[in-house]
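Thanks for making time. I will go through one structure today, starting with a helix and working outward from there.

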Amino acid sequence: LSQLDDARRTMQLQQDFISTVSHELRTPLGFIKGYSTTLLRNDTTWDLATQREFLNIIDEEADHLTALIENVLESARLQSNTLPMNFQPSRIDSIIRDVVMRTQLRYKDVKIIVSLPAVLVQADSVRLTQIFENLINNAIKYAPGSPILINGKQERDDLHITVADHGPGIAAEHLAHIFDRFYRVPGQAASGTGLGLFICKQIILAHKGRIWVESAPDEGTIFNILLPIRQNVK
């Protein structure tokens, strides 16, 4: 019965995922088609400022579409252990500060406070960048107006990093599934495909690390990442 319940839940998640991805694909495609068709009309002309505005929208929506497709492909590769990793000595504090700098250029009103030790780990810096971009963007999306606190400390042979916000939090019944593929917390105002945190977890596991979440309604959310400082990654 337990296996049957799990299979039913997985099937429902997959159906929800297909519905969500279909919607997410149609939205940028609709914008791209609409604005490009408008620019190509022969019965009117557009001034340069309007043309540039339309082209910027097309460019942003094309980026959105590309990111969605890459997430779907990456989740499949991670599921089948076929996504290559390029491990090398990396400064995690530098990786995170670069992500924060780029984020604050885009979201000028977001307050991000960083306190991290200068520690080298054996890591794929591109994949770790992806993780922290996802966690920070999630905090901006689901905890609007909240400061984001990123802290790190060395615990024996591990580096413990936390990404925290003071947002609405997550109910206890969802915490066990938050990293499942396709899972989305019901009732959240912002939508998503349910792939971002799944991808984060798989990347952390490939680094021989751990990721978990602590949260409660009205008490904010803390994502914890534990990365080994000394490891033998082939």
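Which residue caps the N-terminal end of α4? The answer is D124, with a side-chain oxygen 3.1 Å from the backbone nitrogen of V126. Before going on, note that this is a predicted model.

Staying with α4, the helix covers residues 125-142. At 1.5 Å a residue, its 18 residues should span 26 Å, and the end C-alpha atoms are indeed 26 Å apart, so the two figures agree. Many of its residues are buried, among them L128, I131, F132, L135 and I136. The buried set is not purely nonpolar: R127, T129, Q130, N134 and N138 belong to it as well. As a reminder, an α-helix has 3.6 residues a turn, so residues three or four places apart point the same way.

Next, the sheet. It is open, has 5 strands in the order β2-β4-β5-β7-β6, and its pairing is mixed. At the edges are β2, residues 112-115, and β6, residues 210-215, each of which pairs on one side only. From one strand to the next the twist averages 15 degrees. Helix α4 packs on this sheet and touches β2, β4, β5 and β7. Its direction makes about 170 degrees with that of β7.

Now the β6 side. Strands β6 and β7 run antiparallel, joined by 6 bridges. Within that pair, I211 stands opposite I225 of β7. Another helix, α6, residues 196-206, lies across β6 and β7 and runs at about 140 degrees to β6.

One residue of β6 to look at is V213. Is V213 buried or exposed? It counts as buried, because its relative accessibility is 11%, and the cut-off for buried is under 20%. Its contacts beyond the nearby sequence are L175, I178, F179, T221, I222 and F223. For L175, the C-alpha to C-alpha separation from V213 is 7.0 Å, with their positions 38 residues apart along the chain.

What sits at the centre of the packing? The largest nonpolar core has 42 residues, and those touching the most other members are I92, L128, I148, I150, I161 and I225. Elements that each supply at least two residues include α3, β3, α4 and α6, along with strands β4, β5, β6 and β7. Helix α4 gives the largest share, 7 residues. Taking L128 as an example, its contacts outside the local sequence are I92, I95, A123, I204, H207 and L227.

A polar case comes from β5, which holds H160. With 14% relative accessibility, H160 counts as buried. Its side chain makes a polar contact of 2.9 Å with the side chain of E155. H160 also touches N151, G152, K153, W212, N224, I225 and L226, among residues over four places away in sequence.

Last, a long-range pair. V72 is in helix α2, residues 48-79, and is partly exposed at 26% relative accessible area. In sequence V72 and L195 are 123 residues apart, yet their C-alpha atoms are 7.3 Å apart in space.

To recap: D124 caps α4, α4 packs on the sheet, and α4 supplies the largest share of the largest nonpolar core. That is everything I have, so I will take questions.

Conventions. Residues numbered from 1 in each chain as written. Predicted model: local features only at pLDDT ≥ 70, side-chain atom pairs only at ≥ 80, totals over all residues. Heavy atoms only, no water. Pairing = 2+ DSSP bridges. Helix = DSSP H or I, 4+ residues; strand = E, 2+ residues; numbered from the N terminus. Axes fitted to C-alpha atoms, helices over the stretch in contact; angles between N-to-C directions. Contact = heavy atoms within 4.5 Å. Core = buried A, V, L, I, M, F, W, Y, C linked by side-chain atoms within 4.5 Å. Buried < 20%, exposed > 50% of the residue type's maximum accessible area, 1.4 Å probe, protein only. Expected span 1.5 Å × (residues − 1). Polar contact = N/O pair within 3.5 Å; in protein donor to acceptor, adjacent residues only side chain to side chain.
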